[in-house]
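Colleague: I should like to understand how the descriptive terms for this structure are justified. Please explain the reasoning behind each of them.

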Amino acid sequence: MFKRSVRKGNYAYTVTRVKAKKSHLLKEEDYDKMIQMSVPEISRYISEAGYQKEMTDLAGKFSGIALVEHATYQNMANVFKSILGASQGELAIMVAAYLEKWDIWNLKVILRGKSYGVDASGIKEDLVPAGKVDEASLDKLISLDSVDDVLNEYSKVGKVTFPADVISEYKETGNAGVIEDFLDKFHYQRLLDSISPYTQPTKIFLDYIRKEIDVVNLRTIMKLKGEGIYGEQVMKYYIPGGMQIDSKFAQVLANAETVAAASGDMSRLEVYEDYIKPVMDSDNVTNKAVVTSIKKYQEDQAKKMAHMYPLSVLPVIDFMVHKETEVRNIRIVARGVDGGLSRETIKGLLVI
Amino acid sequence: MAEGEALGLIAVGAGLAVGLTGLGAGIAEGNVGAAAVGAITEDASLFGKAMIFMVLPETIVIFGLVISILAIFVM
């Protein structure tokens, strides 16, 4: 799907645009201020911090927390689309492959919406059109009646072949979860395939994605442990292709009944010493705190690689990771304030 | 004959000095120009600064031109 061209990317142009965008991202002191505000004040604050257009566009449709959530996602989609539109050649191929996760996100939203009988406008509100699939194609997917039709259409638009066993399992159980699990694995496989590790920056990018797969696997294992799920059941969510967590090691981590029991095995991981151990050593260990800390590791990895090769795909990916984190942080602050959480709790949930 | 050859070589050297520095400046300006347009797209107020950065690689050609003038008129 992505290997249309092998032309060199327009790195100077795209990276400069991305760096200019990065300079406008919210900083720690902005979150400190926002934590002390009410939801309408947060709305006004983010309007002045680059979300003005989306806030104005959606103000007639939503209000309060819903406005913040929809405007931030819409802004992220617009920003990512502008980066994808600006990039050319091999850079565009890699950016498109990275952003495919939002196509998959949208497909999941549509599938869930269809399963629960949500109307077309309800589904459309929750989409984040930040990927390669354009809004007209998304509208067509929403307009289709059955899940089967949606999958058939998406296999053409997204150039995905759904395996027969996944489809038959879905038809037997009626659970769209099997399709979602397949899509997650498929996305990372295609992303890994789209990166040609012939130059140093693309090698670093490939390593970063492999570390991201480790992070996703580790977070899944941690989250499921929090729900009391461990062992073989966890392994069906395992995404292959990681750097440090292969299927054998994932099995070892999955078999531990609690996070504390997995601690010894996790000490082999790069993320353990600086990110997991301090949380495990603290007084009130929660799975959420461990997962947040792992997310912080992923962001720091992106930050580290961004400065290695200025004219490469690395600063672009670093910005996209940070933009996504910013949007998530704004939503956490807004929801936290709306739900009456304490400032310390909200701050603890943020990835800064 | 020897003098003619020397003059010819000076002319070739002068040409290379301007030609190669021009090529170098072109490569540099390609990247700087793309970055400048990217910066202006995001923030139009950066036009002045971007323009200065655009012009900087042209100094390389001036060095080449000086060398070629020296080669032709001094040597």
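The exchange below sets values from a predicted model against the definitions of the terms used.

Colleague: Why are α11(A) and α16(A) called roughly antiparallel?

Modeller: The axes of α11 (residues 200-226) and α16 (residues 287-306) of chain A cross at roughly 175 degrees. Angles over 145 degrees count as roughly antiparallel, and therefore α11(A) is described as roughly antiparallel to α16(A). These axes come within 9 Å.

Colleague: Which residues make the contact of these two helices?

Modeller: On α11(A), they include Ile204(A), Tyr208(A), Val215(A) and Met222(A). On α16(A), they include Val290(A), Ile294(A), Tyr297(A) and Met305(A). By class, the contact has 11 nonpolar, 4 polar and 5 charged residues.

Colleague: What makes α11(A) and α17(A) roughly parallel?

Modeller: Their axes lie 9 Å apart and the helices pack at an angle of about 30 degrees. Because angles under 35 degrees count as roughly parallel, the two are therefore roughly parallel to each other. Pro201(A), Thr202(A), Ile204(A), Phe205(A) and Tyr208(A) of α11(A) meet Val313(A), Leu314(A) and Ile317(A) of α17(A). This contact of α11(A) with α17(A) has 7 nonpolar, 1 polar and no charged residues.

Colleague: How do you know that the length of α16(A) is close to the expected one?

Modeller: The helix α16(A) has 20 residues and reaches 29 Å from its first C-alpha to its last. The expected span at 1.5 Å a residue is 28 Å, and the value found is close to that.

Colleague: Why are residues such as Val291(A) and Ala302(A) of α16(A) called buried?

Modeller: A residue is called buried because 20 or more other C-beta atoms lie within 10 Å of its own. Val291(A) and Ala302(A) are among the buried residues of α16(A), as are Gln298(A) and Gln301(A). The cover over the buried residues of α16(A) includes α11, α14 (259-266), α15 (270-281) and α17 (313-338) of chain A.

Colleague: Into which domains is chain A divided, and what brings them into contact?

Modeller: Chain A is divided into domain 1 (1-196 + 319-352) and domain 2 (200-311). Their centres, taken over C-alpha atoms, are separated by 22 Å. In this contact, 19 residues of domain 1 touch 17 residues of domain 2. On the side of domain 1, the largest share, 7 residues, comes from α10(A). The residues of that side divide into 11 nonpolar, 5 polar and 3 charged.

Definitions and conventions: Residues are numbered from 1 along each chain as its sequence is written. Chains are lettered from A and ligands numbered from 1 in the order in which they are written. This is a predicted model: local features need pLDDT of at least 70, side-chain atom pairs count only at pLDDT 80 or more; totals for chains, interfaces and linings use all residues. Axes are lines fitted to C-alpha atoms, for helices over the stretch in contact, and angles run from 0 to 180 degrees between N-to-C directions. Helices (H or I, at least four residues) and strands (E, at least two) are DSSP runs, numbered from the N terminus. Angles under 35 degrees count as roughly parallel, over 145 as roughly antiparallel, 65 to 115 as roughly perpendicular and the rest as oblique. Two residues are in contact if their C-beta atoms, placed from the backbone, lie within 7 Å. Ala, Val, Leu, Ile, Met, Phe, Trp, Tyr, Cys and Pro count as nonpolar, Asp, Glu, Lys and Arg as charged, and the others, Gly among them, as polar. The expected span of a helix is 1.5 Å times one less than its number of residues. A residue is buried if 20 or more other C-beta atoms lie within 10 Å of its own, exposed if 12 or fewer, and partly exposed in between; C-beta atoms are placed from the backbone. Domain bounds come from an automatic or database domain assignment.
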